[in-house]
Structures are given as structure tokens and as C-alpha cells.
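Biologist: I would love a close look at one part of this model. Please take me through it slowly, and give me the cut-offs as you go.

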Amino acid sequence: QELNRSPAPYTSNDQLHQGEHILVLTIYNPMFPITVDVLHKILSPYGKVLRIVIFTKNGIQALAEFENPMSAAVAKQALDGKDIYDGCC
């Protein structure tokens with residue numbers, strides 16, 4: 001039995017507004033310190049970041065709360081799978 005889920009592409013701004021305003025970030029193999037300031041610098045070009053909480057669970061994870069769902073969706077789309085520092089994490 002196989003289950004396939006393909007994410008629906010964003011086709012309009014209305015779909016972007018329907019999502020959540022909190023992102024869960026997972027950082028694999030961090031070689032440099034990952035701080036609130038580092039994450040804020042990376043996330044703030046996509047919208048106003050209200051708060052960031054970093055915790056360790058299966059590596060490093062963080063919750064980032066944006067002012068609105070559209071900013072969170074754009075940040076997720078732009079940053080998903082990207083490295084914070086070139087070639088490492």
C-alpha cells in the first residue's frame with residue numbers, strides 16, 4: 001500500500017493567508033552556534049518576526065512566530081532545504 005501526498009502549489013495570495021504563522025525550523029549538523037539573532041537575521045527579510053524560541057530535540061529546532069501567515073509561508077517556501085552557512089547546516 002502506498003500513500004502519496006503532493007503539496008499543492010501556491011496559486012494565489014489567498015492560499016498563502018490560510019496557513020499558520022508559526023514555523024518549526026530544524027537545523028541538522030550545526031557546526032556553528034545557532035542563536036536567536038542568527039535566525040532573526042535570516043527570517044526577518046520575509047516579514048516581521050514576533051518571537052523565536054530555540055530548543056534541542058533531535059539536533060536543534062526552533063519555533064519562529066511571524067506577524068502573519070503569509071510571511072511565514074513565504075519564508076518557508078524560500079528557506080526550506082537551504083543551509084544557514086554555506087555547505088554545512
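Modeller: Happily! Let me start with a term: a polar contact is a pair of N or O atoms within 3.5 Å; within protein, one must be able to donate a hydrogen and the other to accept it, and residues adjacent in sequence count only if both atoms are side-chain atoms. One such pair sits at the start of helix H3 (residues 69-79), where a side-chain oxygen of asparagine 68 comes to within 3.1 Å of the backbone nitrogen of methionine 70. Helices (H or I, at least four residues) and strands (E, at least two) are DSSP runs, numbered from the N terminus. This is a predicted model, in which local features need pLDDT of at least 70 and side-chain atom pairs pLDDT 80 or more, while totals for chains, interfaces and linings use all residues. Residues are numbered from 1 along each chain as its sequence is written, and side-chain values use heavy atoms, without hydrogens or water.

Now to the sheet. Three strands form an open sheet in the order E1-E3-E2, with antiparallel pairing (two strands pair if DSSP finds at least two bridges between them). Strand E1 (22-27) and strand E2 (49-56) are the edges, each pairing on one side only. E1 and strand E3 (residues 60-66) are joined by six bridges, and leucine 23 has alanine 64 as its bridge partner in E3.

On the other side of E3, arginine 51 and glutamate 65 meet through their side chains at 2.4 Å, N to O. This is the one salt bridge of the structure (a side-chain nitrogen of Lys or Arg within 4 Å of a carboxyl oxygen of Asp or Glu). Arginine 51 belongs to E2 and glutamate 65 to E3, so the pair ties together parts 14 residues apart in sequence. Arginine 51 is exposed, at 52% relative accessible area, whereas glutamate 65 is buried, at 13% (buried is under 20%, exposed over 50%, partly exposed in between, with a 1.4 Å probe and protein chains only).

Helix H2 (residues 36-43) lies across E1, E2 and E3. Isoleucine 52 touches Val36, Leu39, His40, Leu43, Leu63 and Ala64, leaving out residues up to four places away in sequence (contact means heavy atoms within 4.5 Å).

Isoleucine 52 is also among the members with the most neighbours in the largest nonpolar core, which has 14 residues (buried Ala, Val, Leu, Ile, Met, Phe, Trp, Tyr and Cys joined through side-chain atoms within 4.5 Å). E3 gives the most to this core, with four residues.

Note on methods
Axes are lines fitted to C-alpha atoms, for helices over the stretch in contact, and angles run from 0 to 180 degrees between N-to-C directions.
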